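Here are my notes on this model, as numbered points. Have the structure open while you read.

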Amino acid sequence: MRTGSSSSSSWRWQLSRAMRLSLRWFRRCRLQRGGRGGATERRIGGRLLELWSYSRLLLTSLHFNSLTNADTLLDCAFEPVYWIVDNVTRWFGVVFVCLVTLLTTSVVVIVYLFVLPTILSTYPSYWVAWHLSCGHWLLTMVVFHYYKATTTSPGHPPKDKIHIPSVSICKKCITPKPPRTHHCSICNACVLKMDHHCPWLNNCVGHFNQRYFFSFCLYMTLGCFYCSVSSKALFLEAYGAIERYYQTPPPTDIYIETTAQKSIIFLWVLTSTVTVALGGLTLWHSILISRAETSVERHINHKETKRLQEKGKVFKNPYHHGTMNNWKLLLGVEERRHWVTRVLLPSSHLPNEDGIMAPEPAVTAH
Ligand SMILES: [Zn+2]
Ligand SMILES: [Zn+2]
């Protein structure tokens, strides 16, 4: 019995030991499994965090700029709008150049066909000579200066030279910007002494073609004024004839007469309108040239004058060398004969300076 009882206790003890051992093994296994899983989870979490930080770094490095501010962000937001406006203006530039050429040609053809024959048949010889020389001189000047203004580059800062006098860096071209240089978004380039982008020339007006632009405006105004005055008598006559169209019975004018009358009316209305509009523009640019300011600088200098005025100081334009000297510098007049050879006659001389001016501080005085 003892043996039986001892064997039964031993069996129980053995069973409980086995159970204890199994439980311990199971716990150990669970602990081990739990530990290993935590490490894996930690490892996966770590990898994800690392990936997230790396992506963030990549994203930030793509757009980060220490100069970024609200203006830059606004510029970026409006970039598609600017792109559309710039491209439409660039496309319209070609249309406008064709329009100028077409209208100028039509005016010349009408003058040759209808105005000049009247002058030749009715005016005394000295008036005929004056009309022939004046008309052809104006036509030559208009064609020459328009061709030069559209085909001459306004001048750009050199990209191969780094050490040039500059006041800032162009954010679009990533090149130094010399004084008076501005970026033209239509030409997509920095322009030396930029005045404005002219759609009628499909070109920027800058350092190297400003004289051609101004001379074109001046001679075109004079040419239109000449045509308008010369055809005034014919216009009044044609206008009277047109009024008779509405009478009953209608006049029995032949086709060529009505064409001539309509052409003369078109000529007078067009040339008179251009004389007033372009005359105003020429006058405005004359004022700017006298003050040695470009259209862009007009606004900048105006703001600077006001800012300094509040501080009790006076703004002085550093590029203003006196009215006459400003004109001489623009027209390239160095000697007296140049007023004839370089201003009154077609001349393709270039400006003396290269357009890269040293920065001159605006002199202020109390
Ligand atoms: Zn630029
Ligand atoms: Zn431009």
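1. Start with helix H4, residues 125-151. This is a predicted model, so a quick check on the helix geometry is worth having. At 1.5 Å a residue, the 27 residues of H4 should span 39 Å, and the end C-alpha atoms are indeed 39 Å apart, which agrees.

2. Which residues of H4 are buried? Going along the helix, they are Val128, His131, Cys134, Gly135, Leu138, Met141, Val142, His145, Tyr146 and Ala149. The general background here is that an α-helix has 3.6 residues a turn, so residues three or four places apart point the same way.

3. What covers those buried residues of H4? The cover includes two helices, H3 (79-122) and H5 (210-230), along with strand E6 (203-205) and helix H10 (338-344).

4. Now the metals, beginning with the zinc ion (ligand 1). Its protein donors are the SG atoms of Cys170, Cys173 and Cys190 plus ND1 of His183, lying 2.1 to 2.3 Å from the ion. The four donor atoms make angles of 101 to 125 degrees, and the site is tetrahedral. For reference, the ideal angle for four tetrahedral donors is 109.5 degrees.

5. Along the chain, the donors of ligand 1 follow the spacing C-x2-C-x9-H-x6-C. Within that set, Cys170 and His183 link distant parts of the chain: Cys170 sits in the loop between strands E1 (168-169) and E2 (176-177), while His183 is in strand E3 (residues 182-184), 13 residues apart. Both Cys170 and His183 are buried. Cys170 counts as buried because its relative accessibility is 2%, with the cut-off at under 20%.

6. The zinc ion (ligand 2) is coordinated by Cys184, Cys187 and Cys204 through SG and by His197 through ND1, at 2.1 to 2.3 Å. Here the angles among the four donor atoms run from 101 to 117 degrees, and the site is tetrahedral. The donor spacing for ligand 2 reads C-x2-C-x9-H-x6-C.

7. Are the ligand 2 donors His197 and Cys204 buried or exposed? His197 counts as buried because its relative accessibility is 15%. Cys204 counts as buried too, because its value is 0%.

8. One last item on the cysteines. How many disulfides are there? The count comes to zero, going by pairs of cysteine sulfur atoms within 2.5 Å.

How values were computed
Residues numbered from 1 in each chain as written. Chains lettered and ligands numbered in written order. Predicted model: local features only at pLDDT ≥ 70, side-chain atom pairs only at ≥ 80, totals over all residues. Heavy atoms only, no water. Donors = N, O, S within 2.8 Å, 3.2 Å for Na, K, Ca; no water. Tetrahedral: all angles 85-135°; square planar, octahedral: opposite > 155°, others 65-115°. Helix = DSSP H or I, 4+ residues; strand = E, 2+ residues; numbered from the N terminus. Buried < 20%, exposed > 50% of the residue type's maximum accessible area, 1.4 Å probe, protein only. Expected span 1.5 Å × (residues − 1). Contact = heavy atoms within 4.5 Å.
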